[in-house]
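User: I am new to this structure. Please walk me through it with short questions and answers.

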Amino acid sequence: MEGVIIKALSGFYYVKTADGVIECKGSGKLRHKGLSPLVGDRVEISLDQAGKGRIDLVLPRTNAFIRPAVANIEALICVTSDAIPVTDTYLVDRLSVIAVHNHCQVIIAINKVDLVRTERLKEIYAATGFPVIACSAETGEGIEELRKAVAGKICAFTGDSGVGKSSILNALNPAFSLRVGEVSDKLGRGRHTTRHVELFDLGNDTWLIDTPGFASFDMEAVNPVLCEDLQYAFPEFDAYLNGCRFNDCAHLKEPDCAVRRAVEEGKIHKKRYQSYKLMYADASKYKHWEMKK
Ligand code: GDP
Ligand code: ZN
């Protein structure tokens, strides 16, 4: 039987199958391979005589992350806002790079449009090709558009504490009844406390995960982005990459750089280019031999 792990708790995995949710144990075979199943994994399971489930096989993953410990994320919804807490787009850009690099779609949700304007964030992401959805968990504006954008996917919601992730999930389905606005409680879950991860079922093969703030969405440890790969994780650079004088142009100080020209002409947003430069400097600190397995 095949299914998806929707929750992991105290050594048990809860696997959604065509026959409903089945509580499963891992198998010795998996442990032997050093493979620990993650929420989001597609798995093959079998039932013993007593009707207890066991995971026999974890199917190949498209991606896997450490914090939160999840696999096969198809869309990362970055929840942003110009209301307090105002989103620092560098954090969004860092996550979007990791997401794009790991074959995960990026969706920008601009929340609290009932309170503030959306122009700044819309402009920054206009050229990226990422869907940008202005919404309000309070009034319901944009929530149907968001529902369409996440349909049929395993989606992770990320964003600063207080930006409205729980409120948006509740707006998508009031039955989730996530606690809203209890910031002290949220901060209480420190960076290193293990928080159990659970996929919320939105129906029609749509699964949503609420993740902690930007800082702890840690995907890099799994699949770090090398500086020469960084350019491919900025979709709005694509159209210009063949236009640079040098094939190995890093788009930093080289003459005749088509990417920099596009920034000067306003075709690539300067904030995004700034993020690229900062990330490039960061990524160059890694040595290649440290990365390759
Ligand atoms: P989270 O930490 O990202 O999960 O954010 P919460 O969902 O807990 O929301 C934090 C606060 O923002 C709460 O007081 C919410 O009521 C409020 N909030 C969330 N979304 C909106 C919105 O679209 N408009 C307004 N005005 N307030 C919102
Ligand atoms: Zn260049």
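**Questions on the model**

User: Let us start with strand β8. Is L76 buried or exposed?

Analyst: The model is predicted, and its values are computed from it. L76 lies in strand β8. Its relative accessibility is 1%, and buried means under 20%. L76 is therefore buried.

User: How far apart are the C-alpha atoms of L76 and I108?

Analyst: Along the chain, 32 residues separate L76 from I108. In space, their C-alpha atoms are separated by 8.4 Å.

User: T80 is in strand β8 too. Which residues is T80 in contact with, leaving aside neighbours within four places in sequence?

Analyst: T80 has a relative accessible area of 0%, so it counts as buried. Its contacts include T87 and V92. I108 is also one of them. The full list is T87, V92, I108, A109, I110, N111, L121 and V163.

User: How many helices and strands does the protein have?

Analyst: The protein has 293 residues, and 47% of them count as buried. Among contacts between residues at least 6 apart in sequence, 65% join residues at least 24 apart. As for the elements, there are ten helices and 13 strands.

User: Where does D41 lie, and is it buried or exposed?

Analyst: D41 is in the loop between α1 (28–32) and β4 (42–47). Its relative accessibility is 0%, and the cut-off for buried is under 20%. So D41 is buried.

User: How far apart in space are D41 and A71?

Analyst: D41 touches G3, V4, I5, V58, R61, A71 and N72, not counting residues up to four places away in sequence. A71 is thus one of the residues D41 touches. The two are 30 residues apart in sequence. C-alpha to C-alpha, they are 5.6 Å apart.

User: Is the peptide bond from I84 to P85 cis or trans?

Analyst: P85 is found in the loop between β8 (75–80) and α2. The bond from I84 to P85 has omega near 0°. That bond is cis.

User: At what angle do the axes of helix α2 and helix α9 cross?

Analyst: Two packed helices are described by the angle between their axes and the distance between the axes. Helix α2 spans residues 89–101, and helix α9 spans residues 270–283. Their axes come within 10 Å, and α2 passes α9 in a right-handed crossing. The axes cross at roughly 65°.

User: How many nonpolar, polar and charged residues are in the contact of α2 with α9?

Analyst: On α2, the contact is made by T89, Y90, D93, R94, S96 and V97. On α9, it is made by K271, R272, S275, L278, M279 and D282. By class, that gives four nonpolar, three polar and five charged residues.

User: Which residues of helix α5 are buried?

Analyst: Helix α5 covers residues 165–172 and is mostly covered. Six of its eight residues are buried. They are K165, S166, I168, L169, N170 and L172.

User: What is the phi of H103, and is the residue buried or exposed?

Analyst: H103 lies in the loop between α2 and β9 (105–110). It has a positive phi of about 60°, although it is not a glycine. Its relative accessibility is 66%, and exposed means over 50%. H103 is therefore exposed.

User: Which residues are the protein donors of the zinc ion (ligand 2)?

Analyst: The donors lie 2.1 to 2.4 Å from the zinc ion. Along the chain they follow the spacing C-x4-C-x1-H-x5-C. The donors are C244 (SG), C249 (SG), H251 (ND1) and C257 (SG).

User: What is the geometry of the site of the zinc ion (ligand 2)?

Analyst: The site has four donor atoms. Angles among them run from 103 to 115°. Four donors count as tetrahedral if all angles lie between 85 and 135 degrees. The site is therefore tetrahedral.

User: Are C244 and C249 buried or exposed?

Analyst: C244 has a relative accessible area of 9%. For C249 the value is 5%. Buried means under 20%, so C244 and C249 are buried.

User: What is the phi of the zinc donor H251, and is H251 buried or exposed?

Analyst: H251 sits in the loop between α7 (227–230) and α8 (258–264). Its phi is positive, about 65°, although H251 is not a glycine. Its relative accessibility is 1%, so H251 counts as buried.

Key. Residues are numbered from 1 along each chain as its sequence is written. Chains are lettered from A and ligands numbered from 1 in the order in which they are written. This is a predicted model: local features need pLDDT of at least 70, side-chain atom pairs count only at pLDDT 80 or more; totals for chains, interfaces and linings use all residues. Side-chain values use heavy atoms; hydrogens and water are left out. Donors are N, O and S atoms within 2.8 Å of the metal (3.2 Å for Na, K and Ca); water is not among the atoms, so sites may look incomplete. Four donors count as tetrahedral if all angles lie between 85 and 135 degrees; four count as square planar and six as octahedral if opposite donors are over 155 degrees apart and all others between 65 and 115; anything else is irregular. Buried means under 20% relative accessible area, exposed over 50%, partly exposed in between (1.4 Å probe, protein chains only). Axes are lines fitted to C-alpha atoms, for helices over the stretch in contact, and angles run from 0 to 180 degrees between N-to-C directions. Helices (H or I, at least four residues) and strands (E, at least two) are DSSP runs, numbered from the N terminus. A crossing is left-handed if the near helix is turned anticlockwise from the far one by less than a right angle, and right-handed if clockwise. Contact means heavy atoms within 4.5 Å. Ala, Val, Leu, Ile, Met, Phe, Trp, Tyr, Cys and Pro count as nonpolar, Asp, Glu, Lys and Arg as charged, and the others, Gly among them, as polar.
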